[in-house]
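Visitor: I would like a close look at a single part of this model, and then an account of how comparable parts fit into the whole. Please take the side-chain pairing that you would start from, and build outward from there.

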Amino acid sequence: MKNLVALCCFLALTFSVSAQSGDWIELFNGKNLEGWKISEKSQSFQVEEGVIKVAGPRGHAFYAGDVANHDFNNFELIVEVKTMPGANSGIFIHTQYQEDGWPNVGYEIQVNQSHSDWRKTGSVYSFQDVKEVYVQDGEWYTEHIIVQGDVVTVKINGETINVYDQSKDENRKDGLGTKKLDRGTIALQAHDPKSVIYYKSVKVKILPD
């Protein structure tokens, strides 16, 4: 029994060190939404054939698991995602759980190829937006978000398409409010009942503070 306890402690310590040493860690286990906390409409997030299907009324899946105690500062995030025609979603960073409404803490990194919203995939939503479309609906692609200090970098399929430096945003000199880089968790968005999006991997790498 003592050996088992020691082994469990060792594994827990190993995981904790790994989470801080720059390794990629998968936040979605491919089976269920363990480690995620859903706001508003839990039925908008389902796991089908090893993939998170987002379809239904507005809601958000906040990461609430053990990695970095779901409190990220500097990090990289790579999400494998597929949008269906007309779909809108988003990936929130440095956010925190809230029971309803659009998250009012942190930034939203847009996921949208063909929805009527002109802010497209890779936008730091409403702060530094992207109008160009880099991928097509119905195809898997990677959205890579790097948060380092005051800078957010977004890459699509390895190509850098947006670099936002919060410290150089002249429109924010009077105060940042809650829409800012600070620290916090990650959330995936269900935007509206007509939007269908699939996420099959959500990987994080912790960077030094």
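Guide: In this predicted model, the place to begin is the salt bridge in which the side chains of Asp129 and Arg119 meet, with 2.8 Å from N to O. Both residues lie in the loop between strand 8 and strand 9, the latter covering residues 141-148, and although they share that loop they are 10 residues apart, so that the pair is counted as linking distant parts of the chain. Asp129 has a relative accessible area of 25%, and because buried would require a value under 20% and exposed a value over 50%, Asp129 is classed as partly exposed.

The count of salt bridges in the model comes to 5, and two others can be set beside this one. Asp71 forms a salt bridge with Arg183, where the closest N and O atoms are 2.9 Å apart. This pair reaches across 112 residues, from Asp71 in the loop between strand 5 and strand 6 to Arg183 in the loop between strand 11 (159-165) and strand 12 (185-190). Asp71, with a relative accessible area of 30%, is partly exposed, and Arg183, at 36% relative accessibility, also counts as partly exposed.

Arg58 and Glu40 form another salt bridge, and here the closest N and O atoms are 2.9 Å apart. Arg58 sits in the loop between strand 4 and strand 5, while Glu40 sits in the loop between strand 2 and strand 3 (45-48), which places the two residues 18 residues apart. Arg58 counts as partly exposed at 27% relative accessibility, and Glu40 counts as partly exposed at 28%.

Several of the strands that flank these loops belong to an open sheet of 5 strands, arranged in the order 2-5-12-7-8 with antiparallel pairing. Strand 2 (36-39) and strand 8 (107-111) are the edge strands, each of them pairing on one side only. On average, and with direction ignored, neighbouring strands of this sheet are turned by 20° against each other. At one end of the order, strand 2 pairs with strand 5, residues 59-63, in the antiparallel sense over 4 bridges, and within that pairing Ser39 has His60 in strand 5 as its bridge partner.

Strand 13, residues 196-206, takes part in further antiparallel pairings, among them one with strand 1 (residues 24-26), to which it is joined by 3 bridges; there Trp24 stands opposite Lys205. Strand 4, residues 51-55, is joined to strand 13 by 4 bridges, again with the two running antiparallel, and the bridge partner of Lys53 in strand 13 is Tyr198. Strand 6, residues 75-83, pairs with strand 13 in the antiparallel sense over 9 bridges, with Phe75 standing opposite Ile206.

A word on confidence belongs with this picture. The protein chain averages a pLDDT of 92, and 90% of the residues score at least 70. Over residues 2-20, however, pLDDT stays under 50, and for that stretch the model has 10 contacts beyond four places in sequence. Where pLDDT is low, the predicted coordinates should not be read in detail.

Definitions and conventions
Residues numbered from 1 in each chain as written. Predicted model: local features only at pLDDT ≥ 70, side-chain atom pairs only at ≥ 80, totals over all residues. Heavy atoms only, no water. Pairing = 2+ DSSP bridges. Axes fitted to C-alpha atoms, helices over the stretch in contact; angles between N-to-C directions. Salt bridge = Lys/Arg side-chain N within 4 Å of Asp/Glu carboxyl O. Buried < 20%, exposed > 50% of the residue type's maximum accessible area, 1.4 Å probe, protein only. pLDDT = per-residue confidence, 0-100. Contact = heavy atoms within 4.5 Å.
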